[in-house]
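Here is a short briefing on a protein model. Keep the structure open while you read.

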Amino acid sequence: MNDNVDRKCEPCDRRTFLGGAISAASLTIAPGVTLFSIPSFARKPGERASNVNRWGLLIDINKCPDGCNECVKACHRENGVKSHGRPETDAKWIRKITVSGSGRRPEFEIPVMCQHCENPPCVDVCPTGASMKRADGIVLVDKHTCIGCRYCMIACPYKARSFVHEKTTGQRSFAPRGKGTVESCTLCVHRVDQNRLPACVERCQEKAGGAMIFGDINDKNSAISKALRKYPSKEIRGDLNLKLGVRYRGIP
Amino acid sequence: MQGIGYREIPSIHYSFFVVLGIMFALILAGLYAAWYMEHHGHWVTGMDNQIVWGVPHVFAIFLILSASGALNIASIATVFGRASFKPLSRFSALVAIALLIGGLSVLVLDLGRPDRLLIAMTHYNFRSVFAWNIFLYVGFLILVGFYVWSIMDRKMEALRIFAGATSFLWRLVLTSATGLIFGFLIARESYDSAILAPMFIAMSLSFGLAVFYLFLQGSFFVSRRKIGNYIVVRLGKLLRIFVSVVLYIVVISHLTNLYASEHQDIERFFLLSGREITVIFWIGQILIGSFLPLLLLFPIDKPLDTVRMTYASVFVVIGGISQLYVIIIGGQAYPLILFPGYEVSSSFFDGVINVYTPSLIETLLGIGGVALAVKIVFLGSKILPFLPTNLDDKNTDPHYESS
Amino acid sequence: MMTQLANGADLGPEIFQGKGSECVAESEFMRINHMNVLVHQGEETLREGIRGGNFSLKECISCHVVPGDDGKPVAFDSERHFCRSCHDYAAVSIDCFTCHNSVPDVEEFTEKSQNLSIMLPFLGLTENE
């Protein structure tokens with residue numbers, strides 16, 4: 001197990017990939033790097049989300065295989081986000097961006113979705129309060145009050161939001177989405193509330209590079225907190241000081 | 001200064017009904033466009049996930065800016081005490097109300113869920129500039145309505161200065177807030193700037209005066225009344241100041257950006273490489289919208305006259321729409337910078353200059369808003385005595401001497 | 001399965017009974033209050049993250065399915081849909097199904113959707129693939 005994970009996206013067998021590194025309570029993928037442990041956040045049914053938790057993602061782009069689109073597919077399948085064959089108006093909750101530098105700068109691929117800012121511009125600008133941040137840091141759109149003004153889309157520095165341009169059908173019960181409203185990555189809030197991993201993270205760990213760690217940044221013992229302490233990580237456009245919930249390892 | 005009376009538009013001239021008929025047709029077309037967009041979803045327009053605000057917003061913001069600018073004539077008369085503009089006060093307020101209603105209609109009908117207008121009126125997020133604007137627009141309509149009342153009803157005369165001053169201050173806040181809709185956006189390189197607030201105020205003064213003058217000309221034409229040269233020269237001198245100020249702020253803001261190396265790429269986009277955006281900037285905004293009006297309004301050989309003023313106003317309107325197109329569409333066409341210094345690409349149009357091709361349907365919606373404003377002004381002037389019967393020099397020029 | 005509401009008149013809406021033996025609350029209560037409890041719980045779920053409440057639209061939809069001619073549940077665009085049959089009759093428009101699905105989830109991912117099941121292999125407890 002080293003950091004030089006095969007960068008081609010072959011659906012590798014999880015067991016061989018993980019080798020014998022599985023311990024009883026956590027998954028260690030390199031010495032001292034805990035990929036994932038039992039979340040200690042379990043909220044009882046009926047309990048409200050609170051700022052005790054701060055959900056976050058850590059994405060190690062060194063482990064994100066080139067040409068792999070598993071997280072994107074998993075997300076859109078999970079949330080019923082379908083294409084109408086019109087790329088300009090089709091919704092995208094997560095996308096892979098190919099970043100190429102000139103000279104000695106390396107080329108890499110990076111999945112970008114809603115960054116779940118602590119100070120989200122989309123929430124600030126929303127006239128009706130439909131764009132909102134849950135107490136545990138997950139940024140959502142309340143489609144009951146969204147009037148479809150798209151101001152949040154202009155305000156988002158990450159192009160994380162999509163406007164639903166056409167009539168939708170076949171929505172998943174936990175991910176309502178409808179024409180004329182704005183939507184974005186929910187961090188799979190329906191799964192998080194059940195102590196499950198977001199679909200992209202689950203898929204990445206199962207079938208792809210295992211580049212994503214999900215967890216509670218407020219919990220010092222969580223895998224994500226440990227990994228964040230252990231290695232330097234960065235926010236995209238950290239200069240904007242939005243305090244993102246999604247961090248990356250290995251980006252410039 | 002005697003002899004100013006106010007009368008409704010008389011129904012003697014067929015052109016009045018021609019104008020009303022055309023406007024009615026355009027309003028119907030705009031309503032159809034709105035229905036079509038809402039029924040099918042916004043994919044039938046040229047707007048998409050990259051260019052989320054398009055031509056409807058260009059028209060809506062042009063109308064809203066012009067609304068507060070059009071009120072300026074009344075403010076100058078009431079607040080700054082310039083008597084020669086006094087006969088125009090009530091018409092100025094009417095034009096302001098009409099333009100604002102036209103602009104807001106376009107804005108609302110372009111929403112993804114216009115049926116939820118009630119939600120916009122009952123759920124406020126007070127951190128949102130947009131929510132402040134909803135509040136400011138409604139307040140503007142009420143205040144200006146009250147102001148019109150104070151102008152037209154002698155019993156209300158005592159409150160006129162108060163109403164005028166409040167409306168004036170309100171419109172300054174309103175226009176600043178409209179500018180800050182863009183100015184507060186840290187995400188977009190071309191927007192994130194405090195200069196947008198004063199720029200929008202200058203733009204509103206300029207566009208509003210031009211639109212007001214065209215309305216005045218039109219209404220006087222259909223009611224067969226005459227505008228004396230004195231008032232035209234006054235308005236023309238005002239317009240040339242406003243046009244100059246807008247041009248000045250535009251030049252300064254571009255120079256500032258050119259000086260800062262971090263903004264040079266986006267400046268190159270606007271000024272050189274932005275395809276239609278660059279063309280609209282140089283031809284529409286700078287040549288037609290700034291230079292031509294200034295040439296017409298600073299006459300060397302002949303004094304200002306109605307013809308020059310009318311052409312200048314038309315050019316200012318074309319320039320204004322161009323300027324807003326450059327600001328609104330151009331600002332979105334330029335990609336977001338996620339990794340400064342790197343090239344990016346994705347299946348979601350990251351890193352590319354976004355192309356916007358307005359569809360007929362959204363253009364009809366925008367024009368429908370303009371038509372609504374025209375219709376309100378004409379019908380308003382037909383029903384109530386907004387228009388002075390006579391703007392002859394002997395009624396407006398304090399130094400007029402009959403020769 | 002198919003029973004008409006005993007309104008004493010043929011003019012009443014044709015309403016299909018749910019699959020379960022009884023509703024989450026008294027029928028009379030639901031008739032009057034379903035919109036309020038749904039909106040209230042929806043708000044709590046979305047904004048506060050409170051899960052597991054009684055009044056879930058998802059449960060209404062999956063209990064009150066009306067089979068169409070092909071045996072599959074009919075969607076809201078059919079006049080026979082549970083919600084629509086009554087709302088048409090009362091001439092009250094609803095805005096739920098512009099965003100929410102009006103038929104139960106197709107269980108494509110059932111094997112993955114159990115709590116914690118995904119974690120089990122990581123814990124070396126069971127391996128069920």
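H9(B) gives the largest share of the lining of the second largest pocket, five residues. This is a predicted model. The points below start at that pocket, then turn to the nonpolar cores, a kinked helix and one residue of chain B.

**The second largest pocket**
- Its volume is about 1,200 Å³.
- The lining of this pocket counts 47 residues.
- Nearest the pocket's centre lie B:Glu189, B:Ser190, B:His263, B:Ile266 and B:Tyr334.
- By class, the lining residues of the second largest pocket split into 24 nonpolar, 14 polar and nine charged.
- Several elements of chain B give two or more residues to this lining: H8, helix H9 (229-259), helix H10 (264-273), helix H11 (276-297), helix H12 (306-333) and strand S2 (343-346).

**Nonpolar cores**
- The largest nonpolar core holds 194 residues.
- Chains A and B both appear among the residues with the most contacts inside this core: A:Ile110, A:Tyr158, A:Tyr248, B:Phe91, B:Leu216, B:Leu324 and B:Phe339.
- Helix H8 of chain B, residues 196-222, gives the most to the largest core, with 18 residues.
- Another core, of seven residues, lies apart from the largest one. Among its members are A:Leu58, A:Ala223, A:Ala227 and A:Leu228.
- In soluble globular proteins, nonpolar side chains tend to be buried together.

**Contacts of B:Leu324**
- Leaving out residues up to four places away in sequence, B:Leu324 touches B:Val58, B:Ile61, B:Phe62, B:Leu65, B:Phe200, B:Met203, B:Phe207 and B:Ile329.

**Helix H1 of chain C**
- Helix H1 of chain C covers residues 27-48.
- The helix has a kink of about 75°, centred on C:Asn33.
- Its buried residues are C:Met30, C:Val37, C:Leu38 and C:Gln41.
- Helix H2 of chain C, residues 57-63, is included in what covers these buried residues.
- C:Gly49, just after H1(C), takes a positive phi of about 75°.

**B:Val138**
- B:Val138 sits in helix H6 of chain B, residues 129-152.
- Is B:Val138 buried, exposed or partly exposed? The residue is partly exposed, because its relative accessible area is 33%, between the cut-offs of 20% and 50%.
- B:Val138 and B:Met121 are 17 residues apart along the chain. Their C-alpha atoms are separated by 9.8 Å.

How values were computed:
Residues are numbered from 1 along each chain as its sequence is written. Chains are lettered from A and ligands numbered from 1 in the order in which they are written. This is a predicted model: local features need pLDDT of at least 70, side-chain atom pairs count only at pLDDT 80 or more; totals for chains, interfaces and linings use all residues. Side-chain values use heavy atoms; hydrogens and water are left out. The bend at a residue is the angle between axes fitted to the seven residues ending there and the seven starting there. Helices (H or I, at least four residues) and strands (E, at least two) are DSSP runs, numbered from the N terminus. Buried means under 20% relative accessible area, exposed over 50%, partly exposed in between (1.4 Å probe, protein chains only). Contact means heavy atoms within 4.5 Å. A nonpolar core is a set of buried Ala, Val, Leu, Ile, Met, Phe, Trp, Tyr and Cys residues joined through side-chain atoms within 4.5 Å. On a 1 Å grid over the protein atoms alone, a cavity is a set of points where a 1.4 Å probe fits but cannot get out, and a pocket is an open set with protein on both sides within 12 Å along at least five of seven lines; lining residues have an atom within 4 Å of a point. Grid points are joined across faces, edges and corners, and a volume is the space filled by probe spheres set on the points. Ala, Val, Leu, Ile, Met, Phe, Trp, Tyr, Cys and Pro count as nonpolar, Asp, Glu, Lys and Arg as charged, and the others, Gly among them, as polar.
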